[in-house]
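This report looks at helix geometry and at charged side-chain pairs. Please keep the sequence and the 3D view at hand while reading.

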Amino acid sequence: MQRYLLAFDLDGTACNDSGGLGKKTKQAFAAAQADGHVICFATGRRDIDMVSLGTDYKCADYLLLNNGGKLVRTADDAVLFNRCIEKSVCEKLVRHCLQNDYVLHIVSGMYWRVNRWTQGLTEYVNALGAAPKLYHTAEELCLNAVEGMMATEHMEQVCAYIDAQKLPLLHVQSEPGCTDIMCADTT
């Protein structure tokens, strides 16, 4: 029998309407694994966004997070691959967003910071069960290993700045009202 890598998106695919994995879905994953197949959740979510799944993320053998920027083996939570944004690039974008009052989230693992609290953030925090800390300057951030950023207001202006400055970043609208920003693959 051939073994297959079965990759599933989470939101709108493996997850139910309440954002979790249903009983039948978990049973199907377990049956596939029992047959020797490997399950991978491939998602734009970041570590902090996985909190809402609790330990159900362990239904997969691997997590491909951050729009492909991070690979985690769930058996031992080992990070097998992690593409991070250079510190100088982070600082440049953070300073620009602070100067223009553009909302910018900074995320790495469970590290989550934002420069301004919004109504949309309150709603997300309530749904997620975790909250970011506020930052007011680039100097108060840990920018050495930033996995990604998110713009949730003035997204077009933030993306235009990234493009105009030729920053080595990719940006993609992940959902209405949110643009994910990640390291451009330069290898």
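The expected span of a helix is 1.5 Å times one less than its number of residues. The model discussed here is predicted, and that rule is applied to one of its helices below.

## Helix α2 and the residue after it

Helix α2 covers residues 23–34, and because each residue adds 1.5 Å, its 12 residues should span 16 Å, a value that agrees with the 16 Å between its end C-alpha atoms. Just after α2, the backbone at G36 adopts a positive phi of about 95°.

## Packing of α3 and α5

Two packed helices are described by the angle between their axes and the distance between the axes. For α3 and α5, the axes come within 11 Å and cross at roughly 140°. Angles over 145 degrees count as roughly antiparallel and those from 65 to 115 as roughly perpendicular, and α3 and α5 are therefore oblique to each other.

The crossing of α3 and α5 is right-handed. On the α3 side the contact is made by K92, L93, H96 and C97, while α5 contributes V158, Y161 and I162.

## Salt bridges centred on R116

The structure holds eight salt bridges, and two of the pairs involve R116, which bonds to D101 with an N to O distance of 3.1 Å and to E153 with an N to O distance of 2.9 Å. The pair of R116 and E153 links distant parts of the chain, since E153 sits in the loop between β9 (148–151) and α5 (155–164) and R116 in the loop between β7 and α4, 37 residues apart.

The pair of R116 and D101 has its side chains meeting in a salt bridge. Here D101 lies in the loop between α3 (87–100) and β6 (104–108) and R116 in the loop between β7 (111–114) and α4 (119–128), so the pair ties together parts that are 15 residues apart in sequence. As for accessibility, R116 counts as partly exposed at 23%, D101 counts as partly exposed at 42%, and E153 counts as partly exposed at 26% relative accessibility.

## Other charged pairs

D76 forms a salt bridge with R73, in which the closest N and O atoms are 2.8 Å apart. D76 is partly exposed at 45% relative accessibility, and R73 is partly exposed too, with a relative accessible area of 29%. Elsewhere, a network of salt bridges links D47, K70 and E147.

How values were computed: Residues numbered from 1 in each chain as written. Predicted model: local features only at pLDDT ≥ 70, side-chain atom pairs only at ≥ 80, totals over all residues. Heavy atoms only, no water. Salt bridge = Lys/Arg side-chain N within 4 Å of Asp/Glu carboxyl O. Buried < 20%, exposed > 50% of the residue type's maximum accessible area, 1.4 Å probe, protein only. Helix = DSSP H or I, 4+ residues; strand = E, 2+ residues; numbered from the N terminus. Axes fitted to C-alpha atoms, helices over the stretch in contact; angles between N-to-C directions. Parallel < 35°, antiparallel > 145°, perpendicular 65-115°, else oblique. Left-handed = near helix turned anticlockwise from the far one by under 90°. Contact = heavy atoms within 4.5 Å.
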